[in-house]
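The following paragraphs lead through the structure, beginning with the domains of one chain, passing to a sheet and a helix, and ending with the nonpolar core.

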2 protein chains.
Amino acid sequence: MSASTHHLVIVGGGFAGLWAARALDNAPVRITLIDRHNHHLFQPLLYQVATAGLSAPDIAAPLRHILSAQRNIEVQLGEVTHVVPEARTVELSDGTVIGYDTLILATGAGHAYFGNDQWAEHAPGLKTLDDALRLRREMLVAFERAEAETDPVKRAAWLHFAIVGGGPTGVELAGTLAEIARHTLKDEFRHIDPRDARVRLIEAGPRVLPSFPEDLTDKAHAQLEKLGVDVCTGTPVTHIDEHGYKLGETFFAARTVVWAAGVAASPLARCLGVPLDRAGRVLVQPDLSVPGYPDIFVGGDLAAIQQANGKPVPGVAPAAKQMGKHIAKTLRQRLAGKPATPFKYSDFGNLATIGRMAAIVHLGRFKLSGPLAWWFWLAAHVYFLIGFRNRFVVLVNWAMAYISYQRAARIIFGSAPKEKVPDDHGAQDPVAEQRRAAG
Amino acid sequence: MSASTHHLVIVGGGFAGLWAARALDNAPVRITLIDRHNHHLFQPLLYQVATAGLSAPDIAAPLRHILSAQRNIEVQLGEVTHVVPEARTVELSDGTVIGYDTLILATGAGHAYFGNDQWAEHAPGLKTLDDALRLRREMLVAFERAEAETDPVKRAAWLHFAIVGGGPTGVELAGTLAEIARHTLKDEFRHIDPRDARVRLIEAGPRVLPSFPEDLTDKAHAQLEKLGVDVCTGTPVTHIDEHGYKLGETFFAARTVVWAAGVAASPLARCLGVPLDRAGRVLVQPDLSVPGYPDIFVGGDLAAIQQANGKPVPGVAPAAKQMGKHIAKTLRQRLAGKPATPFKYSDFGNLATIGRMAAIVHLGRFKLSGPLAWWFWLAAHVYFLIGFRNRFVVLVNWAMAYISYQRAARIIFGSAPKEKVPDDHGAQDPVAEQRRAAG
């Protein structure tokens, strides 16, 4: 491929970026795909890594490997920090400058704390594998700390898990945490009963999973409570610190608070100097290009665009894939001198899992909840995981977990032991020391 | 179980500690098992995690889970920093003091740099899951850096992997790294050919795998070279820094140096104030107790003891398991007022794997090398992995890896992107910038 070939730079190897790249196999373009991570992540199952059901590599595949056979693509590990539309260049954190003829920005979204960025430290979110491994570690350590704690008030704080945000991620985390406390950890501790753990799902709006019809939401609410989750709707969190959180004026002591409430588009969008929506997403043209910059496209969670019915295209994997493919088609049409068509989102339905044998499914007029919905969800997600190996191992893990209630990845690693067990260890209490030393 | 029951404290949940604990099921003792990690690690397969063939949870199982049904055991997460034999107490890093009637020390071994501790930073070893994940990250990043590097000299340094130490760990790492460079990464890069990577195994002694008979060692040497490993025997490393290493007076530029040369027993042994061997191991009595402290036993890699033939008991998993079981038996005998018997090591043979279809096996007069030895090694290791789930998933992973040459866990995580791609990134070179920016 000669150096004069049209050079497409794709920033982000998520669903939008990767699907665009794959749709340009054999196209007359030279592609550079840049990502901060060496892997594509199957984000819909990230909560399973956080809750120790799957290993990190089960839901991730190296971008180089996925794209190795596509000879017009070069994968580059790096973090894009600036886009200079006038110069048609992007700049990496290490100073590298890369020129483009066409640019696709697909860097997705991070967490939004609605003006309370100081909460981020105490209530981490769940977007990357590192987030998931951190959350896994904190959850497992919380049970360890509770076991070592003799003060019942402090112990209760270690066993209080609060999940802020009643969307799909919050619901998945709450349902799975309740299952872990009630089943997985049963019999493993000597001083605590993990079933005493309180798993609370907090939603500021009137109901969980608001993107579903109200009757399905009610079923999801009931399924969550059946799994042991304490569901609080209509109650915004007003404060979070290292000791706990406040609902209205009431303080609750909790050592593990997880943020699943808000998303904010990647800050890269701001470089473009074009209008963004409230979440920082680029208000794209009907063909997903950026107003004023026809050679820049935006896809996935970074793009704000409406469906024909006036509703926004949701920030879900199928939408991102469709956008990626549409951008690829548009680029092919342009290079062939043909007119482009506007993006049209095909809504194949909406699934949400809640926990063991609990899910809701909404496909047009078709609604489902309970075990059948869960099997449907499982089949869909395993099917869409990239690569045969991942699919098969994930199935094996889930089958084993289902039979045994066990979770294969309950391994704490990634920080020094001292960080794992901080200073205010309960056993420093002289009573605890005596209890132990007494023998 | 009343508080007056004999209290056994076991420090370390490796093979010796865990096997001692399990052998005391239903014994009239109350057991506290303390470990820095929440998991038992199947160390013989750690190199597979380091080389991205297996996930961390594939070779680790939570200690609490393994021991959940044994009601006389309490598992505690913590790091023992002191033993006070006179007071019969151990002290944790958080200040907790725990009294014991009998103590088993089984904290294993770390790395020894033979007086060159400054090498540790540049040539990490392989003992824990965190070590393995660090090594995996560094290896994968090295190929990424080589791909981004335009200076051929710097590029060669990124593609030079030196493994210091020709024992089993060094041989496994070298053979597997060569396989990754030659097969796994083939076709995935655009600017480098991973097959240009140099994987060098450096052994100061006259031959690799010196615990095997010479004819088997020669076969291992030949198998390593066939896999593409550059084997240097009789050549001690004299210097290591961030740029590379020296053999004698000759400097070699290498960005990845791995230490597999020396082990040093855990420093906890020094608290006892009893004679240690050169590697810091406790010179134990024939019943594995500590001279002068009959209520303290030492097992696994922390214990130095001879076989009947005068050779030392090797630091391998079967020996550690046997020691753990023997200590448990001795304790039962003591509590029943019966005389104890000396420890006798049963040597069931010696296996070492080299790489794909390459291994050597030595069982008494029975010697084997090549593919048959590899299948033997594989069967033995899968069999000994704890827990059905681990065995099965490991088998699936290996079967898939064998068919496809792929390695499922090639995922970089665990450090910030900037740490992954340090400052002296080749593309800061103006030539590289131009090459890229030119489009």
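In this predicted model, the domain assignment divides chain A into domain 1, made of 6-36 + 78-111 + 263-335, and domain 2, made of 117-261 + 356-420. Taken over C-alpha atoms, the centres of domain 1 of chain A and domain 2 of chain A are separated by 32 Å.

Turning to the strands, one finds in chain A an open sheet of 4 strands, whose order is E13-E12-E11-E17 and whose pairing is parallel. Strand E13 (229-233) and strand E17 (256-259) of chain A form the edges of this sheet, and because each has a single partner strand, one side of each is left without a neighbour in the sheet. From one strand to the next, the twist averages 20°.

The pairing at one of these edges can be followed in more detail: strand E12 of chain A, residues 198-203, is joined to E13(A) by 5 bridges, and the two strands run parallel. Within this pairing, A:Val199 has A:Val229 in E13(A) as its bridge partner. Helix H7 of chain A, residues 214-226, packs on the sheet, where it touches E12 and E13 of chain A, and the direction of helix H7 makes about 140° with that of E13(A).

There remains the nonpolar core. The largest one holds 263 residues, and of these A:Val164 and B:Val164 touch the most other members. Which residues does B:Val164 contact, leaving aside its neighbours within four places in sequence? The contacts of B:Val164 are B:Ala123, B:Ile202 and B:Val237, together with B:Val257, B:Val258, B:Trp259, B:Ala260 and B:Ala261.

How values were computed: Residues are numbered from 1 along each chain as its sequence is written. Chains are lettered from A and ligands numbered from 1 in the order in which they are written. This is a predicted model: local features need pLDDT of at least 70, side-chain atom pairs count only at pLDDT 80 or more; totals for chains, interfaces and linings use all residues. Domain bounds come from an automatic or database domain assignment. A nonpolar core is a set of buried Ala, Val, Leu, Ile, Met, Phe, Trp, Tyr and Cys residues joined through C-beta atoms within 7 Å. A residue is buried if 20 or more other C-beta atoms lie within 10 Å of its own, exposed if 12 or fewer, and partly exposed in between; C-beta atoms are placed from the backbone. Two residues are in contact if their C-beta atoms, placed from the backbone, lie within 7 Å. Two strands pair if DSSP finds at least two bridges between them. Axes are lines fitted to C-alpha atoms, for helices over the stretch in contact, and angles run from 0 to 180 degrees between N-to-C directions.
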